[in-house]
Each structure stands twice: as structure tokens, then as C-alpha cells.
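Student: I'd like a close look at one part of this model, please. Could you take me through a single helix, and then set it in its surroundings?

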Amino acid sequence: QTCAPPTMSPLGSAFGEPLLPRAPPPGECSRRLRQAAILAFGTLSTVQLGLGVGSLNNLCSDASSSLPWCPVLVAAFGLGGLLGSVLSARCDRLARKAVLLLSLLLLLASSLLLAGGFFTSGLPSGLLLLAGRGLLGAASGIATAVTPLHLAEVSPAEIRSVASAAQSAGVAIGILLAQLATLGGREGGVYLLPALCAALELTVLPLLPESPTHVLRRSGSAAALSHLMTHLHLSRAGAAAHTEALRSELAEQSGEGPFSPRELLSARSLRRELLLAAAVALSAQLCGCDCLFYYSTLVFTRSGLSHPRAATACLGVVNLAAAPLAGPLRSRVPRRTLLLLTWAGMSASYAAAAVAAMAGGKSLLAAPLACALVCYALGPGSLGGFLAASLFPMYAKDAAMTLTVALNWAATSATALAFPALHGLLGAHTFLALAALSALSGAAGDRFVTGSAKSGGET
């Protein structure tokens, strides 16, 4: 059987799928093509996040001060992500594929601004880099809020665990690519990587099905039933049951449309779920692993390591190796157990890093930090993005993702801005502070996860 080429949608409303090709017709070949597109887009959508996280690590060390305003540039990525996550709330009114298309246009623009910043000097260079980092963050903020929800709805059951693992691996791939591109201490064409990522995503995006929830809201039950049978390859009975479940969840809402973030904040019935998602989002920042992704070269340079950039690349490799393990662990280990073990592992790893740094064992510093990153990748780093999609009813999922992702971006921006000064002040004792914060995060998170388990949230 051969695959027919995609047909073009007619021009129409910007609130549907106006300018994008329709997905290929049903059939075994088109089914496999669509599944490959889902996995590819899930990976690429988080590669762009990894590029933003890792692109300045090797350029913002004490040994390489070629960039102006380094902490501000690093924090600008988080501020842009905060703005993008707020803008993503519009996905209730727009088709999610249209929102993802907007994020890709921002990604292309960020690459142009970053290129201009690297090829100029002085104040113009700093301003262009600041704007480019902000747009890169905005594109990643939209993607991290919208993509997990969209892929959770359009992924067939047989590839959902692989799709979630692909998104986790994408961040690690992006971080490692950025680290390798800047391994020599220069930009090394890192400004081209967001444009390349956007081009690949634009190629794959037309092959993704639209969200069944959006089809139900826009065109009714009959269209949603046909959509589920055609694009998710459900039987008529399965599609009818799924459509009825979507209708039931949407009927639970109190108003005419889905919850807005403000309505979710005031909904007492969902308060515990919101606190759980917020606790995990904050713990991912308080444990300090994102600061390592931003500043590991700075930490190794200040510790006197002879090859700090090579050590940073080793951390990137370890992080990438740990990412594929997150999906299988999520499906086999209860959330509470997984979070407790990984938070405890991070706390112990930071304590070991503090001992190594204070004892003068600079060559041993990378090993406990690598263990901390592995624990982060298997626990808070992989669970945080999926809690909002699993804890909340359909009508509150978009608002929950907007709030938790916005909180995560605000926290990462604050920690990115403060960490260089904090590490310069505390030195090796910084790791003791991170060990204490990881332990506190585990204790606080356990309280909320236990409460969620009592109400059926434990899986």
C-alpha cells in the first residue's frame, strides 16, 4: 500500500486549520506516517527548549566574558517563556495547531535576532541578543504549554508512552547540541539551530491531527466521531465512547467555555490539584538543576577544573542517557515513590558535591552533579509537564497548563538571574543550600502527592 500525498485545505478561518495541509487519508501507511510525525514533533518541540537552556552555558563563564549582561541574557529566556505561556491561554479560542504555528514563527524570528547579536558589538549586540533570547523563550513557553496537551489527545494508545519519552529526550538533545556547538567558547553557529528546528517542525506540523476536543467544540459530535475514527483509528464503538467522554467532561464546566486561569484559581473543587502541580513546578527550580544547565561551566571554572566545557558536555551526555528511562519509570513506579526517591537522590548528590568541593576534590565534582541531573530527569523534570494533563478535568486542562508553566518560567528566570551571584558568595556551600532545598521540596511535594493519591490521583 502506498501513501497518497497530503491534500491542501481550502483557505478559511484562522481559527481552524486554514493554511496547513490536511493529514493523509486513512490507511496503514498513513497511520504509521502520522505516528512518526507525532513522535518527531514531540521531540522537536522540546529540542527548542533545550537549545535555549544550553546555548549560553559555555559562553557565560569567568574564562569567557565575550557576551554582555550574561545573567540578564540567561534570565531573558525565562521571562520570554513566561510571556509565551500566558499567550498560550489563547489556545482555547484558536486551534492548537494554529498556536503551535505561531510559536514556530517566533522561533524563526529569534534565530535572526540572535545572529544579529553575535555579529555586532557593544549596545546593539546586547539588545539584539536580549530580544532574541526573549523570543526564543516565548516560542518555548507556548510549545511547553500546548504541545503536551495536544499530543496527549492525538497520540494513539500504543505510542503514548513513547511520545512522552520523546518529549523528555528532546530537551536533553537540545541542551547537548547547544553545548557541543559552543564547546570552543565561541557561538559556533548556535544561532542557526533554532531556525533549523523551526524548519523541521514546520515540515512535520501539517501531518498532525487536530485536537478531538477542538473538533468537538467547533463542529459537534458527528465531526468528532469521524475525526477519531479517521485520525486516531478507533473503532466506531471506541470513537463513540471517547466522544461521549469528551462531551461529559466539557459538560462539567460551569460556564459556556473552558476555564480561564482566573476561574481555575477561584475553583475550590480543584484547589488541591492546582497546589500539587504548583508544588512540583516550583520544586523543579528550587532543586537547582536548571541552574546547572545554565551555569555548569561557570561552576566548574570557579572550582578550578582544567577542562570545564568538556565536563559540561559530559553532563549533557549523562542527561541525554537518562532521559529515555523517564517514560518506563513513570508507567511502572507510583508518582509518590518516584518523586520521593529522586528528591532524596538529588539532596544526597548535592551533599556529596559540597563535600568534594570543600575537600578540594575538584576532579570529583562532576560525578555527584551528574547523579543530581539523573535524579532530576527521572523525577521532577519528567513528571512536572504531565501533571496538569493528568490531574485536571478536560475543561480545566488548558488553564492548568498555563498557570503551572507560567509559574515554572517565572521561577527559572529568577533562579537564573540570582545563581551566579549566589554561587560567588557561597562558593562550595551553594551545594549544601541546594541539598536542603531539594529535601524541603521532597517533603512539601510528598504532602500534596499523598493528598492527591487519596482522591484518586496516584498512578
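Tutor: Happy to; we will go through helix α17 and then turn to the chain around it. Please keep in mind that this is a predicted model.

Helix α17 covers residues 394-426, which is 33 residues. How far apart should its ends be? At 1.5 Å a residue, the expected span is 48 Å, and the C-alpha atoms at the two ends are 45 Å apart, so the two values agree.

That agreement does not tell you about the local course of the helix, so let's look along α17 itself. Where is the kink? You will find a bend of about 40° at phenylalanine 419, shortly before proline 420. Just after α17, glycine 427 has a positive phi of about 65°.

Now for the surface. Leu417 belongs to a nonpolar patch together with Trp69, Val72, Leu123 and Leu127. These residues have about 470 Å² of accessible area together. One of them, leucine 127, sits in helix α4, which runs over residues 122-154. Is leucine 127 buried or exposed? Neither label fits: its relative accessibility is 46%, and since partly exposed means the range between 20% and 50%, leucine 127 counts as partly exposed.

Two other places are worth a visit for comparison. Leucine 183 lies in the loop that joins α5 (160-181) to α6 (193-204). With 37% relative accessibility, leucine 183 is partly exposed. Setting aside neighbours within four places in sequence, leucine 183 touches Asn58, Arg309, Ala310 and Ala313. Threonine 312 is 129 residues away from leucine 183 in sequence, yet the C-alpha atoms of the two are 9.0 Å apart in space.

The second place is arginine 271, in helix α11 (residues 271-286). Its relative accessibility is 33%, so arginine 271 also counts as partly exposed. Beyond its neighbours within four places in sequence, arginine 271 is in contact with Leu265 and Ser266.

Finally, here is the whole chain as a backdrop. Its secondary structure consists of 18 helices and zero strands. Of the 459 residues, 54% are buried. Among contacts between residues at least 6 apart in sequence, 81% join residues at least 24 apart. The chain exposes about 18,300 Å², and carbon and sulfur atoms supply 67% of that area.

Technical notes: Residues are numbered from 1 along each chain as its sequence is written. This is a predicted model: local features need pLDDT of at least 70, side-chain atom pairs count only at pLDDT 80 or more; totals for chains, interfaces and linings use all residues. Side-chain values use heavy atoms; hydrogens and water are left out. Patches are made of residues with over 30% relative accessible area and no salt bridge: like charges are joined within 9 Å, nonpolar side chains (Val, Leu, Ile, Met, Phe, Trp, Tyr) within 5 Å. Accessible areas come from the Shrake-Rupley method with a 1.4 Å probe; for residues, only the protein chains shown count as cover. A salt bridge is a side-chain nitrogen of Lys or Arg within 4 Å of a carboxyl oxygen of Asp or Glu. Helices (H or I, at least four residues) and strands (E, at least two) are DSSP runs, numbered from the N terminus. Buried means under 20% relative accessible area, exposed over 50%, partly exposed in between (1.4 Å probe, protein chains only). The expected span of a helix is 1.5 Å times one less than its number of residues. The bend at a residue is the angle between axes fitted to the seven residues ending there and the seven starting there. Contact means heavy atoms within 4.5 Å.
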